[in-house]
Every structure is written in C-alpha cells, then in structure tokens.
Amino acid sequence: MAIPITASFITSNTDFTKCPPARMPEFAFIGRSNVGKSSLINSITFHKGLAKTSQTPGKTQLINHFIINEKWYLVDLPGYGYAKVSKEKRREFEKMIFDYLLHRENLTCLFVLIDIRLKPQAVDIEFMNRMVQEQVPFHIAFTKADKLSQKQVHDSVELYKNFLLENWEGLPEIFITSAEKHVGREDILKNIEELIKTSPYKIGK
Ligand code: GTP
Ligand code: MG
C-alpha cells in the first residue's frame with residue numbers, strides 16, 4: 001500500500017542562507033537538467049504540479065523547499081551541466097548549488113538522480129566524486145525506468161555499478177525509479193524515515 005504523506009511548498013531561494021530555518025532533517029534531489037528531479041518530487045508526494053516540470057532542460061532555477069509530514073524538508077534543486085546558458089549564468093547556478101550543498105547544515109542525504117538510459121556520464125561522475133571528497137552523503141536514484149524493459153534496467157544498473165567500482169571501494173544505496181509509474185516511491189520514503197530516526201535535527205526528540 002502507498003505510504004500516505006502530506007506535502008506543501010514553502011519557499012524558493014537563490015541563497016542558502018535564506019532557506020527555511022535548519023530545524024528539520026532535509027533531503028535534496030540533484031542531477032543533470034531534465035533528469036527528472038521535479039517529476040520525482042511530484043511522484044513521491046502524489047502531487048502533480050507541486051514542483052514545476054518541463055520537457056525543456058533548465059526549468060528549475062531556484063532552491064525549492066517543500067515540507068513533508070510537517071517533519072522533514074524535500075528540496076528541488078536546479079540541474080547541473082546545463083549547456084544552453086551563458087558561462088556566467090552557469091557559474092552563478094553552480095555557486096548557488098554548491099554553496100547550498102556544502103553549507104546547509106541539516107542536509108541529511110542527497111539523492112543524485114541519473115537517467116537510467118544513459119551510460120555513465122563524466123558530469124555525473126565528477127559531481128559524485130566531489131560529493132565523496134566533501135563528505136556529503138548521497139544515494140543514487142536512477143530515473144525514467146519506465147522507458148526501458150526490466151532486463152535493460154537490470155543491465156544498465158549493473159553496468160553503472162561496475163563502472164563506479166573501478167574507482168570506488170563501495171557503492172552508495174541505489175534506487176530505481178519511475179515518476180510516471182510511481183516506481184521507487186515507497187523505497188525512498190522508507191529510507192528517508194530511517195535516516196530521520198538518527199538525525200540530530202528531528203523535532204520532538
Ligand atoms: P530541470 O528542472 O530542468 O533541471 O529538470 P528536472 O530534472 O527537474 O526534470 P523534470 O522533472 O522537469 O522532467 C524532465 C522531463 O522528463 C519531463 O518531460 C518529464 O515528463 C520527463 N520525466 C521525468 N521523469 C520521468 C519518468 O520517470 N518517466 C518518463 N517517461 N518521463 C519522465
Ligand atoms: Mg526541475
């Protein structure tokens with residue numbers, strides 16, 4: 001049965017210091033533009049239109065906070081590696097994203113979204129290596145699983161894992177998702193609930 005949750009939008013910011021007070025555990029979705037971050041937020045919350053989605057990359061341009069169950073924050077971030085903006089704009093976005101990722105104290109875990117149809121891409125690998133270096137905890141969530149057969153999904157994930165293991169000693173937790181079919185929703189919510197239990201930011205501890 002689907003886990004029921006409540007969700008509402010709180011704020012959009014360009015500056016992490018203006019985000020809601022860091023009193024609750026926070027989880028954020030990051031990944032390349034168009035990978036499906038905003039769609040996965042809508043799928044998890046069963047709330048079409050809560051996060052703005054688009055067929056064209058570069059839709060989400062702010063740090064968007066949603067509150068879930070009055071207990072934790074879910075954050076929709078702009079995508080990285082979006083080529084069709086000026087160098088200056090891209091630098092601005094990157095600064096906004098990295099300032100948030102590296103300084104948001106209640107950020108409990110990041111979900112790095114990867115399009116399951118693609119072979120490992122340098123921009124994602126570089127991003128995850130940076131997160132390892134900076135000790136920002138993250139999971140991987142593969143998106144758009146509905147676009148492949150079960151066998152293709154399996155092969156694609158295996159290929160990705162093997163690629164990562166060429167350079168890493170272990171693997172992050174891996175989720176397979178489809179925003180279209182709500183696949184992965186329950187696994188992600190359960191994982192977040194577990195992490196909240198040990199978060200120093202949880203309310204009513
Ligand atoms: P930016 O905000 O631009 O960085 O993009 P985003 O990562 O938030 O992607 P968004 O959720 O806006 O989705 C991009 C496109 O992919 C949209 O056309 C979605 O309908 C489509 N999409 C997202 N998730 C899925 C999925 O699980 N399955 C399918 N088939 N399409 C998806
Ligand atoms: Mg988006």
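These questions and answers walk through a predicted model, from its magnesium ion to two loop residues.

Trainee: Which residues are the protein donors of the magnesium ion (ligand 2)?
Mentor: Look for protein atoms at 2.0 to 2.2 Å from the ion. One is an OG atom and the other an OG1 atom. They belong to Ser-38 and Thr-60.

Trainee: How many residues apart in sequence are the parts that this pair ties together?
Mentor: Ser-38 sits in helix 1, residues 37–45. Thr-60 sits in the loop between helix 1 and strand 3 (63–68). The pair therefore ties together parts separated in sequence by 22 residues.

Trainee: Are Ser-38 and Thr-60 buried or exposed?
Mentor: The cut-off for buried is under 20% relative accessible area. Ser-38 and Thr-60 are both buried.

Trainee: Why is helix 1 largely enclosed by the rest of the structure?
Mentor: Lys-37, Leu-40 and Ile-41 are among its buried residues. The cover over the buried residues includes strand 1 (7–13), strand 2 (26–31) and helix 5 (185–197). Helix 1 is largely enclosed because the buried residues number eight of its nine.

Trainee: Which residue follows helix 1, and what is its phi near?
Mentor: Step just past the end of helix 1. The residue there has a positive phi. It is Phe-46, with phi near 50°.

Trainee: How far from an oxygen atom of ligand 1 is an N or O atom in the side chain of Ser-39?
Mentor: Ligand 1 is surrounded by 22 residues, and Ser-39 and Lys-37 are among the closest. For the side chain of Lys-37, an N or O atom lies 2.7 Å from a ligand oxygen. A polar backbone atom of Lys-59 lies 2.8 Å from a ligand oxygen. For the side chain of Ser-39, the value is 2.6 Å.

Trainee: How far from Lys-144 is the nearest side chain of opposite charge?
Mentor: Lys-144 is in the loop between strand 6 (138–143) and helix 4 (150–165). It is buried and has no salt bridge. A salt bridge needs the charged atoms within 4 Å. The nearest opposite charge, Asp-115, is at 4.3 Å.

Trainee: Which backbone oxygen does the side chain of Lys-144 reach?
Mentor: Lys-144 touches several residues, including Val-35, Gly-36 and Thr-177. The backbone oxygen in question is 2.8 Å from its side chain. That oxygen belongs to Asn-34.

Trainee: Which backbone nitrogen does the side chain of Ser-178 reach?
Mentor: Ser-178 lies in the loop between strand 7 (174–176) and helix 5. It counts as buried because its relative accessibility is 1%. Its contacts include Ser-43 and Lys-144. At 3.0 Å, its side chain reaches the backbone nitrogen of Lys-181.

Terms used:
Residues numbered from 1 in each chain as written. Chains lettered and ligands numbered in written order. Predicted model: local features only at pLDDT ≥ 70, side-chain atom pairs only at ≥ 80, totals over all residues. Heavy atoms only, no water. Donors = N, O, S within 2.8 Å, 3.2 Å for Na, K, Ca; no water. Helix = DSSP H or I, 4+ residues; strand = E, 2+ residues; numbered from the N terminus. Buried < 20%, exposed > 50% of the residue type's maximum accessible area, 1.4 Å probe, protein only. Contact = heavy atoms within 4.5 Å. Lys, Arg positive; Asp, Glu negative; His and termini not counted. Polar contact = N/O pair within 3.5 Å; in protein donor to acceptor, adjacent residues only side chain to side chain. Near = heavy atom within 4 Å. Lists of a residue's contacts leave out its neighbours within four places in sequence.
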